[in-house]
Amino acid sequence: MTNSELTVDLRGRPIETLNDFWDAVAQPCGLPEWFGRNLNAWSDTIETRGISEVIDSHDILVVPVDQLGLFGGDRAER
């Protein structure tokens, strides 16, 4: 069986906040307007399915990011 992969490449895009992240993935992942924009909602979308037809139509979601800003690893936990 071949896995169908959805890649949403965020490399080169400034992602400083979680809102930047949600703005960047909303359209390519087919997130609905009512999407919760939090990590619990993201987990439900990927694990449980039934929220995004785009994500549901793929077996694997890959989101490459630069190790900068939100993903730089140098931010204090909040």
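Biologist: Which exposed residues sit on the face of α2 turned away from its buried side?

Modeller: That face carries Leu-39, Asn-40, Glu-47 and Thr-48. One thing to keep in mind as we chat: this is a predicted model.

Biologist: Good to know. And which residues of α2 are buried?

Modeller: Those are Ala-41, Trp-42 and Thr-45. They sit on the same side of α2, because they cover an arc of only 105 degrees around the axis.

Biologist: Why would residues a few places apart point the same way?

Modeller: An α-helix has 3.6 residues a turn, so residues three or four places apart end up pointing the same way.

Biologist: What do the buried residues of α2 pack against?

Modeller: They pack against α1, α3 and β2, the last of these being residues 60-62.

Biologist: What caps the N-terminal end of α2?

Modeller: Asn-38 does that. One of its side-chain oxygens lies 3.0 Å from the backbone nitrogen of Asn-40.

Biologist: And which residue takes a positive phi just after α2?

Modeller: Arg-49, with a phi of about 75 degrees.

Biologist: Let me step back a bit. How many helices and strands are there in the chain?

Modeller: There are three helices and two strands. Along the sequence they follow the pattern β-α-α-α-β.

Biologist: How many residues does the chain have, and what share counts as buried?

Modeller: The chain has 78 residues, and 26% of them count as buried. Its C-alpha atoms fill a box of roughly 40 × 30 × 20 Å along the principal axes. The chain exposes about 5,500 Å², with carbon and sulfur atoms supplying 47% of that area.

Biologist: New topic: how many salt bridges does the structure hold?

Modeller: Two. In one of them, the side chains of Arg-11 and Asp-9 meet at 2.6 Å, N to O. The other joins Asp-23 and Arg-37, whose closest N and O atoms are 2.9 Å apart.

Biologist: Where in the chain are Asp-23 and Arg-37?

Modeller: That pair links distant parts of the chain. Asp-23 is in helix α1 (residues 18-26), while Arg-37 is in the loop between α1 and α2, and they are 14 residues apart.

Biologist: Are Asp-23 and Arg-37 buried or partly exposed? Same question for Asp-9.

Modeller: Asp-23 is partly exposed, because its relative accessibility is 45%. Arg-37 counts as partly exposed at 33%, and Asp-9 counts as partly exposed at 40%.

Biologist: What about Ser-52, is that one buried or exposed?

Modeller: Ser-52 is buried, with a relative accessible area of 0%. Look for Ser-52 in the loop between α2 and α3, where α3 is residues 53-56.

Biologist: Which residues does Ser-52 touch?

Modeller: Leaving out residues up to four places away in sequence, Ser-52 touches Cys-29, Gly-30, Leu-31 and Thr-45. Thr-45 came up earlier as a buried residue of α2. The side chain of Ser-52 also reaches the backbone oxygen of Gly-30 at 3.5 Å.

Biologist: Last one: where is Val-63, and what does it touch?

Modeller: Val-63 is found in the segment after β2. Not counting residues up to four places away in sequence, Val-63 touches Val-8, Leu-10 and Phe-21. With a relative accessible area of 26%, Val-63 is partly exposed.

Biologist: How far apart are Val-63 and Leu-6 in sequence and in space?

Modeller: They are 57 residues apart in sequence and 8.5 Å apart in space, C-alpha to C-alpha. For the chain overall, among contacts between residues at least 6 apart in sequence, 49% join residues at least 24 apart.

Conventions:
Residues numbered from 1 in each chain as written. Predicted model: local features only at pLDDT ≥ 70, side-chain atom pairs only at ≥ 80, totals over all residues. Heavy atoms only, no water. Salt bridge = Lys/Arg side-chain N within 4 Å of Asp/Glu carboxyl O. Buried < 20%, exposed > 50% of the residue type's maximum accessible area, 1.4 Å probe, protein only. Helix = DSSP H or I, 4+ residues; strand = E, 2+ residues; numbered from the N terminus. Polar contact = N/O pair within 3.5 Å; in protein donor to acceptor, adjacent residues only side chain to side chain. Contact = heavy atoms within 4.5 Å. Arc of directions from axis to C-beta. Areas by Shrake-Rupley, 256 points an atom, 1.4 Å probe, with all protein chains shown as cover.
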